[in-house]
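Reader: Hello! I am new to this structure and would love a close look at one part of it, with the surroundings explained as you go. Could you walk me through it?

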Amino acid sequence: MDLIEYLRVEKTYNSGSTEVVALAEVSFTVHEGEFVTVVGRSGCGKTTLLKLTAGLLTPTAGTIRVAGAQVRAPLTNVGIVFQSPVLLAWRKTIDNVLLQIEARRLNVKTHRQRAMELLELAGLKGFEEKYPHELSGGMQQRVSISRALIHNPPLLLMDEPFGALDAITRDEMNLELVRIWSEAKKTVLFITHSIPEAVFLGDRVIVMTPRPGKISEIVEIDLPRPRTSAVRDDARFISYVKHIRESLGVR
Ligand SMILES: Nc1ncnc2c1ncn2[C@@H]1O[C@H](COP(=O)(O)OP(=O)(O)O)[C@@H](O)[C@H]1O
Ligand SMILES: [Mg+2]
């Protein structure tokens, strides 16, 4: 089943007298349970695409449907992870995760156990009572992923969530995310400017052209799951990365 459908989606920003066409003619679908990655250069409209999907922006033309319904207002049944973890400094790990529950006026007591389970799933057992400054960057980002999952959304939207991390932590976070995704059975739309990351994570990679962002290619990634570090040495992995690099015109 198609969970997200993009039909000739366009987004033009008006800032003063100048118009910026951020996205043009974007059409593709994301199937339920699929892990789709979007890769493109900075400024090609990736964040715009994510915000349109979440209903935080309205398309200038075209339609986006999520679970069959046109997106017209901010979606509530979705988990969003941004580039920086945006945790509240004065709240403990567990309370940062439960923030999402408070904001939705749900019962905090009954969700506490679920929050503990998610933190364990994210490898943060024992850190529930720590404050953000007591956690590493990678750990903070895992808290924000747990927070995005606490209300059990079927769809996760992630905008370069590991962009600020060092390469080693980033590789580890990719492994963690694949594990969480396969255990939690979500649909993921994951945005990145890293080609290896897009290939490592994705069932399909949507390759975008520079501004105005259009889809230049959709690449099916035929690599075994579960994906482990060994996948990065696989000849097919290397050739997908090379192919997409050429597609993006990276010299
Ligand atoms: N609120 C805005 N007003 C005007 N232009 C914007 C706005 N947001 C983004 N843009 C422009 O739209 C283009 C795409 O931006 P964005 O979606 O953030 O790209 P990416 O996430 O791929 O780096 C860029 O040229 C950017 O400058
Ligand atoms: Mg962006």
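What is the order of the strands in the open sheet of six strands, and how do they pair?

Author: Happy to help! Please keep in mind that this is a predicted model. The six strands of this open sheet come in the order E6-E7-E8-E3-E9-E10, and their pairing is mixed. At the edges you will find strand E6 (78-81) and strand E10 (215-220), each of which pairs on one side only. Going from one strand to the next, the twist averages 15 degrees.

A good place to zoom in is the pair made by E7 and strand E8 (residues 187-192), which run in the parallel sense and share five bridges. To find the pairing on your screen, look for Asp159, which stands opposite Ile191 in E8. Helices pack on this sheet too. Helix H4 (residues 137-149) touches E6 and E7, and its direction makes about 165 degrees with that of E6. Helix H7 (residues 235-247) also packs on the sheet, where it touches strand E3 (35-39), strand E9 (204-208) and E10. The direction of H7 makes about 175 degrees with that of E10.

Now follow the loops around E10. In the loop between E9 and E10 sits Pro212, and the peptide bond that leads to Pro212 from Arg211 is cis, with omega near -5 degrees. The loop between E10 and H7 holds Pro226, which is joined to Arg225 by a cis peptide bond with omega of about 0 degrees. These are worth a pause, since most peptide bonds are trans.

Let's step back to see how the chain is divided. The domain assignment gives domain 1 (2-77 + 154-247) and domain 2 (86-153). Their C-alpha centres lie 24 Å apart. Where the two domains meet, 15 residues of domain 1 are in contact with eleven residues of domain 2. Strand E7 (155-159) and helix H5 (167-184) each supply at least two residues of the side of domain 1 that touches domain 2. H5 gives the largest share of that side, seven residues. By class, the side of domain 1 that touches domain 2 has ten nonpolar, two polar and three charged residues.

One more stop here is Val86, in the loop between E6 and helix H2 (93-103). Val86 has a positive phi, near 35 degrees, although it is a residue other than glycine. Val86 counts as exposed because it has 12 C-beta neighbours inside 10 Å.

There is another open sheet to visit, with four strands in the order E2-E1-E4-E5 and antiparallel pairing. E2 and strand E5 (69-70) stand at its edges with a single partner strand each, so one side of each has no neighbour in the sheet. E1 and E2 pair over ten bridges in the antiparallel sense, and Asn14 stands opposite Glu19 in E2. These two strands form a hairpin with two residues between them, and Gly16 in the turn has a positive phi of about 65 degrees. Strand E4 (residues 61-66) and E5 run antiparallel and are joined by two bridges; there, Arg65 stands opposite Gln70 in E5.

Within strand E1 you will also meet Arg8. Arg8 is not a glycine, yet its phi is positive, at about 45 degrees. Arg8 is exposed, with 12 other C-beta atoms within 10 Å.

Finally, turn to ligand 1. It is surrounded by 13 residues, and the closest are Tyr13, Ala22, Lys46, Thr47 and Thr48. Strand E1 (2-15), strand E2 (18-31) and H1 are the elements that give two or more residues to the shell around ligand 1. The largest share of this shell, three residues, comes from H1. Sorted by class, the shell around ligand 1 contains four nonpolar, seven polar and two charged residues.

Helix H1 (residues 46-54) deserves its own look, as it is mostly covered, with seven of its nine residues buried. Among the buried residues of H1 are Lys46 and Thr48, which also appear among the closest residues to ligand 1. The buried residues of H1 further include Leu49, Leu50 and Leu52. H1 is followed by Gly55, whose phi is positive, near 80 degrees.

Note on methods: Residues are numbered from 1 along each chain as its sequence is written. Chains are lettered from A and ligands numbered from 1 in the order in which they are written. This is a predicted model: local features need pLDDT of at least 70, side-chain atom pairs count only at pLDDT 80 or more; totals for chains, interfaces and linings use all residues. A residue is buried if 20 or more other C-beta atoms lie within 10 Å of its own, exposed if 12 or fewer, and partly exposed in between; C-beta atoms are placed from the backbone. Domain bounds come from an automatic or database domain assignment. Two residues are in contact if their C-beta atoms, placed from the backbone, lie within 7 Å. Ala, Val, Leu, Ile, Met, Phe, Trp, Tyr, Cys and Pro count as nonpolar, Asp, Glu, Lys and Arg as charged, and the others, Gly among them, as polar. A residue is near a molecule or strand if its C-beta atom, placed from the backbone, lies within 6 Å of it. Two strands pair if DSSP finds at least two bridges between them. Axes are lines fitted to C-alpha atoms, for helices over the stretch in contact, and angles run from 0 to 180 degrees between N-to-C directions.
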